[in-house]
Amino acid sequence: MATQAHSLSYAGCNFLRQRLVLSTLSGRPVKIRKIRAREDNPGLRDFEASFIRLLDKITNGSRIEINQTGTTLYYQPGLLYGGSVEHDCSVLRGIGYYLESLLCLAPFMKHPLKIVLRGVTNDQVDPSVDVLKATALPLLKQFGIDGESFELKIVRRGMPPGGGGEVVFSCPVRKVLKPIQLTDPGKIKRIRGMAYSVRVSPQMANRIVDSARSILNKFIPDIYIYTDHMKGVNSGKSPGFGLSLVAETTSGTFLSAELASNPQGQGAAVLPEDLGRNCARLLLEEIYRGGCVDSTNQSLALLLMTLGQQDVSKVLLGPLSPYTIEFLRHLKSFFQIMFKIETKPCGEELKGGDKVLMTCVGIGFSNLSKTLK
C-alpha cells in the first residue's frame, strides 16, 4: 500500500520529527530538502541523525537516503516492529525529544515496545521524563492504551552537557483507539512535584521546594513536592538541579511546568530559590491557559484523536502553541483530516485564558501489524 502513496516534499529543518512520525504512521514517504542549506555548518545535526537511527531501529524495512552534505533526506517508512530496543540519544537534546515521538508510535507496533534510552533526562529545551510520565501517560490511558506493561521509569538521571541518564519505557500494543470527549477541565485539586538534584548538595532540592511552596500555598493546601537526590553512578556525568510541577484537576486533567538549572559552564549560576519561584509561576500560567491537555501534549492528543475510530472526538485546549498549529497543517497533508475549531471566550464557567474546542472524526486507523502474526 505504501509504495503507491505519493511522497510529500518539504524544505527546511523545522518540524522534522512531526514529518517523520506522521510519515511512519501514514506510510507516505517524505523528502526534505534544504536542511540548513545556508548555514556555515549545513545539514542534519547530530541529534536529528540519532532520531533517524532510532526510527530505523523500531521499524522494519524503512528506506533512508541522505545526501553527502546532509541537506536532503528521503525517508520511506517500513512497518512499525517494536520489540526490545536500546538507543543512545544525542546529549545535545533531552531524552524527551525522542520520547515524545515514541509515545505517538508505540501503540501501533507489531510487538510491544520495550526501549532503554540513554542520554540527558532533564534539560531546558525538551519536556523532561518526569513531566511526560506525569502528563502523557494518563493522556494515553484516556484513549484505552493501558496495561501492566505500560510504564516509564528513570533509572539514572543525566543533566547536560554530559548526560549519562537512563530511562526505560515500555508500552503495550493496541489495534484501535477509543474516541474521547474531554471538554470539562475541572478544578485544580492537588499539586505534585519532583525537585531533583544530581552531583550537588541535597540541600538544593529542599531550598527549591520551600520557595515553590511559598507561592503555591496561597492557592491550595494539598501540595506535595518530592525530593530526588541521586548518588554515585545513578547521578549521570554533570551537576545540576531542577523542578517539575504537575497540577491535577477534579476531572483527571494534568497540567505541568518545569525548569532546570543552566548546564555546567554555560550562562550564569541559578539560585534554587529563584528556580522554585519561577517554576511555580510557570505552573500558574499553564493553569491560566488551562484546557484538558497541557501545552506540551496538545499535538499528542490531536494525533490520537485523528487515528481514533470513525467517531467524533472532542477536546478542550488552551491557546494553541505554534508547534501544534503546524502539526494541524501536517495532519491535513498526511491524513487529509481537518479539525473543527471553535473558540470559547473565558466566560463565567471557563476561568483563565480563551479556550479552543477541537472536534474531529477519526480516520479509523487500525494497527495492521497487530493482525499479522
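User: Happy to dig in! What makes up the span of residues 183-287, and how far apart are its end C-alpha atoms?

Analyst: In this predicted model, residues 183-287 are 29% helix and 34% strand, and the end C-alpha atoms of the span lie 15 Å apart. An unreviewed UniProt entry lists these residues as "domain: RNA 3'-terminal phosphate cyclase insert".

User: How do you know that strand 11 and strand 16 pair, and in which sense?

Analyst: Pairing calls for at least two bridges between two strands. Strand 11 (residues 181-182) and strand 16 (residues 312-317) have two bridges, so they count as paired, and the sense is parallel. Leu 182 stands opposite Val 315 in strand 16.

User: Which sense does the pairing of strand 16 and strand 18 take?

Analyst: Antiparallel, over six bridges, with strand 18 covering residues 355-361. Here Lys 314 has Thr 359 in strand 18 as its bridge partner.

User: Now to the open sheet of four strands: what makes strand 1 and strand 4 its edge strands?

Analyst: The strand order is 1-2-5-4, with mixed pairing. Strand 1 (8-11) and strand 4 (63-66) each pair on one side only, and that is what puts them at the edges. From one strand to the next, the twist averages 10 degrees.

User: How do you know that strand 4 and strand 5 pair?

Analyst: The threshold is at least two bridges. Strand 4 and strand 5 (residues 73-76) share four, in the antiparallel sense, so they pair by that rule. Tyr 75 in strand 5 is the bridge partner of Ile 64.

User: What packs on this sheet?

Analyst: Helix 8 (residues 322-335) does, touching strand 1 and strand 2 (30-33). The direction of helix 8 makes about 150 degrees with that of strand 1.

User: Why is the largest group of nonpolar residues called a core?

Analyst: The name requires buried nonpolar residues joined through side-chain atoms within 4.5 Å, where buried means under 20% relative accessible area. The largest such set has 76 residues, and Leu 25, Phe 169 and Leu 331 have the most contacts inside it. Helix 3 (residues 95-105) gives the most to this core, with eight residues.

User: Why is this core said to lie between domain 1 and domain 3?

Analyst: Domain 1 (1-80) and domain 3 (293-361) both give residues to the core, so it lies between them.

User: Which residues does Leu 331 touch?

Analyst: Leaving aside residues up to four places away in sequence, Leu 331 touches Leu 22, Leu 302, Leu 303, Thr 306, Gln 336, Ile 337 and Phe 339. Apart from this core lies another one of 21 residues, including Ile 208, Ile 225, Phe 241 and Ala 247.

Key
Residues are numbered from 1 along each chain as its sequence is written. This is a predicted model: local features need pLDDT of at least 70, side-chain atom pairs count only at pLDDT 80 or more; totals for chains, interfaces and linings use all residues. Side-chain values use heavy atoms; hydrogens and water are left out. Buried means under 20% relative accessible area, exposed over 50%, partly exposed in between (1.4 Å probe, protein chains only). Domain bounds come from an automatic or database domain assignment. Contact means heavy atoms within 4.5 Å. Axes are lines fitted to C-alpha atoms, for helices over the stretch in contact, and angles run from 0 to 180 degrees between N-to-C directions. UniProt positions are given in the numbering used here, feature names are shortened, and annotations may be inferred rather than shown by experiment.
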